[in-house]
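This report describes the overall architecture of one protein model for a reader who has not met it before. Please view the sequence and the structure first.

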Amino acid sequence: MQVFKFGGASVVNAEAVKNLVAIIQQAEKENLLIVVSAMGKMTNKLELLSNAYIFGQENTHDLLDEVKAYHFNILNDLFDNHNHPIFNDVANTFVEIEWLLEEEASDAPDYIYDQIVSIGEVVSTKIVAAYLNESNISAVWADARNFIKTDNTYREGQVDWEKTETEIKRNLVPLLKKNIVVTQGFIGSTSENFTTTLGREGSDYSAAIFCACLDATALTIWKDVPGVLNADPKWFDETERIPQLSYHDAIELTYYGATVIHPKTIKPLQNKNIPLYVKSFLHPTSEGTAINGINSELPVPSFIFKVNQVLISILPKDFSFIIEENLSDIFSLFHKHKVKVNTMLNSALSFSVSVDHEEEKINNLIQDLSILYKVKYNKGLELVTIRYYNQDTINRVTVNKDILLEVKSRHTCQIVMKDKSAIE
């Protein structure tokens, strides 16, 4: 039993879908589950549509027309017969959104978001499954919402593992014994059968959930990079592929912001000792990266950059110490406003954190914190995390930078910094 996961870049257009099919043609096809994301950057486009609908903007139907045109252009390039049933199937899927847009938005924004944005995965998988069959590869389309069961936390559904495993073993395993199965990443459903999503870039996590519940032999994530690199090519001209990573190091790197794998992906695989392979769909025969239970230090330091950071420093107004009660109160406010901490440093008199600059969330958080605490903050910062650092690696990233915060552990160094010319 194997699981393949293909992201948006691997199905961005008709040629990419044909390349996916070529990879499947060379693979062991028995007991193969294929998990597919929305095509290209379609999730971003559907987010725009969702926001336009929620805020009553006039361009909602124009945005939907753009979404439909994108997918039908791919269909036209893939299928010579424009009377193929897939055309009606995709058109009927978009009807669900058309019906929704006919009424004013009255439900909670996060609920609306999940109902609209999830369509990207549904449509992409219908197209991929149809084209596999067109290419003489027997494949069945399956709705992930029938298998992955969550609570009612829209936009970041929490998986009900017991129900999910029951549904997968009862209903998905029999399908896999007969055919390749194509299903969606990113989406699940509540006990009332309302669609939920698992958080942005959550398709990797979906694949790991399926793997764990199926007791799969391996998960392969197909990317547009040759494997896990020691740095993002956007930041470094020269990068190195890491041939093998331990589960522990992979969890650390994803936690600190490495974007090649979703942060929640590793733990379900580690729990079942299922190896993860990160491979290039552009060069499918290349080795890629293996992530498994073999504990070994990374052969090279790894760098993770996060930009558009806000450094928030919190101090008691009465000049008392930061004690456990303060920290409990502070963390409860971060949880309330759904602000995730990227790094933190606690001293006797202050507590400092670096967070992503999501303006509305940050403004509301600072407003609540300011009731009991004195709050200082700096915007427009960078956070660099170095795994297996030394002074040379620190010097490499801090040229012409002012360091506002530095946190070190045995293997990891995190630095919050700003260009010297940009310090306020």
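How many helices and strands does the protein chain have? The protein chain has 13 helices and 16 strands, where helices (H or I, at least four residues) and strands (E, at least two) are DSSP runs numbered from the N terminus. Its radius of gyration, taken over C-alpha atoms, is 23 Å, close to the 22 Å of the globule rule for 424 residues, so the chain is as compact as a globular protein of that length. The globule rule is 2.2 Å times the number of residues to the power 0.38.

The model is predicted: local features need pLDDT of at least 70 and side-chain atom pairs count only at pLDDT 80 or more, whereas totals for chains, interfaces and linings use all residues. Residues are numbered from 1 along each chain as its sequence is written, and side-chain values use heavy atoms, with hydrogens and water left out.

An automatic or database domain assignment divides the protein chain as follows.

| Domain | Residues |
|---|---|
| domain 1 | 2-223 |
| domain 2 | 302-419 |

The centres of domain 1 and domain 2, taken over C-alpha atoms, are separated by 36 Å.

Of the 424 residues of the protein chain, 53% count as buried, that is, under 20% relative accessible area (1.4 Å probe, protein chains only). Among contacts (heavy atoms within 4.5 Å) between residues at least 6 apart in sequence, 73% join residues at least 24 apart. The C-alpha atoms of the protein chain fill a box of roughly 70 × 55 × 45 Å, taken along the principal axes.

Key: Buried < 20%, exposed > 50% of the residue type's maximum accessible area, 1.4 Å probe, protein only.
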